[in-house]
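Dear colleague,

I am handing over the structure we spoke of, with the sequence alongside it. Please open it below, and then read on for what was found.

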Amino acid sequence: QVPRVNGALVAIEPQSGRVLAMVGGYSYALSSFNRATQARRQPGSAFKPFVYATALEGDFTPASIVLDAPISFAGGANGQRWTPENYSREYYGPQSLRRGLELSRNVMTVRLAQSVGMKKIVDQSARMGIPGLTPNLSVSLGAGEVTPLEITAAYSAFANGGRRVEAYGISRIRTPQGRVIYQRASGQSGQAINNPSLYYMNQMLRGVMTSGTGRSAAIAGRDLAGKSGTTSDYK
């Protein structure tokens, strides 16, 4: 059965950036467009950890309080004001950063981004492997564009001690006679996020999986950390 919609999947080794699995679509014969490496899409709530990581690199901690209440800004579509909302269309008052990430609160994230500064968030994202973002507040909710491979590689820093890695699929090329004509150099590009920020982020991302929006994906006996999207009824 040929699907009406194509998707993509990327799995990489976070310590090295080595691509372990990549699916760019249903059939190369039907479409040579690789959605894993070429499709620039809005990551939505999957981008929020980079906002929170930037805040933790500054003066915030997981216990810092941010107000979850209505807010609006000039410069929306058609001359209207931009008024971000939580997916539930409800507001929850003062919340800790940890709880805001666990429950993927949009308005909290925008307020946090406004306090931290989008320039800092865009710079931090670039250090982790997501370049070229525009420093406007909507980007804090994932309105920028990124490929699945880029954001997967950027997430690696959360799992490998804070080091940025460059994703790669080919490590060595040999001739039929065994002569090496290509040898890939190390893919690590320096420290992208520091301790204790990294420790805090890992605890918060674990919280997403144990008591937040990602808990339905938890696996018994496995230490999981991650971030869910929150549209489509939180699925």
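The largest pocket of this predicted model is lined by 39 residues, and those that lie nearest its centre are Thr152, Tyr155, Ala225, Gly226 and Lys227. The elements that give two or more residues to this lining are β1, α5 and α6, and among them α5 gives the most, with seven residues. The space in the largest pocket comes to about 1,100 Å³, and by class its lining has 22 nonpolar, 11 polar and six charged residues.

As for enclosed space, a search of the whole structure finds one cavity of 30 Å³ or more, and about 40 Å³ of space lies in it. The residues that line this cavity are Pro43, Phe47, Ile130, Leu133, Val139, Gly142, Gly144, Glu145 and Val146, which divide into six nonpolar, two polar and one charged.

Turning to the packing, the largest nonpolar core has 43 residues, and those with the most contacts inside it are Phe50, Tyr52, Leu97, Leu112, Phe158 and Met201. At least two residues of this core are supplied by each of α1 (48-57), α2 (97-102), α3 (106-116), α4 (118-128), α5 (148-159) and α6. If you would like one residue from which to look around, Tyr52 is in contact, leaving aside its neighbours within four places in sequence, with Leu97, Gly100, Leu101, Arg105, Met108, Thr109, Leu112, Met201 and Met204. There is also a second, separate core of six residues, which includes Val10, Ile12, Ala36 and Leu149.

Val10 also stands opposite Met22 in β2, where strand β1 (residues 9-12) and strand β2 (residues 19-23) pair in the antiparallel sense over four bridges. The hairpin of these two strands has six residues between them, and within the hairpin Gly17 takes a positive phi near 90°.

Finally, a word on Ala217, which lies in the segment after α6 (197-211). Is Ala217 buried, partly exposed or exposed? Its relative accessible area is 46%, and Ala217 therefore counts as partly exposed, since that class runs between the 20% under which a residue is buried and the 50% over which it is exposed. Leaving aside neighbours within four places in sequence, Ala217 is in contact with Met209 and Leu224, while the C-alpha atoms of Ala217 and Ser228, 11 residues apart along the chain, are separated by 9.3 Å.

With best regards

Terms used:
Residues numbered from 1 in each chain as written. Predicted model: local features only at pLDDT ≥ 70, side-chain atom pairs only at ≥ 80, totals over all residues. Heavy atoms only, no water. Buried < 20%, exposed > 50% of the residue type's maximum accessible area, 1.4 Å probe, protein only. Contact = heavy atoms within 4.5 Å. Core = buried A, V, L, I, M, F, W, Y, C linked by side-chain atoms within 4.5 Å. Pairing = 2+ DSSP bridges. 1 Å grid on protein atoms, 1.4 Å probe; cavity = no way out; pocket = protein on both sides within 12 Å on 5 of 7 lines; lining within 4 Å. Points joined across faces, edges and corners; volume = space filled by probe spheres on them. Nonpolar A, V, L, I, M, F, W, Y, C, P; charged D, E, K, R; others polar.
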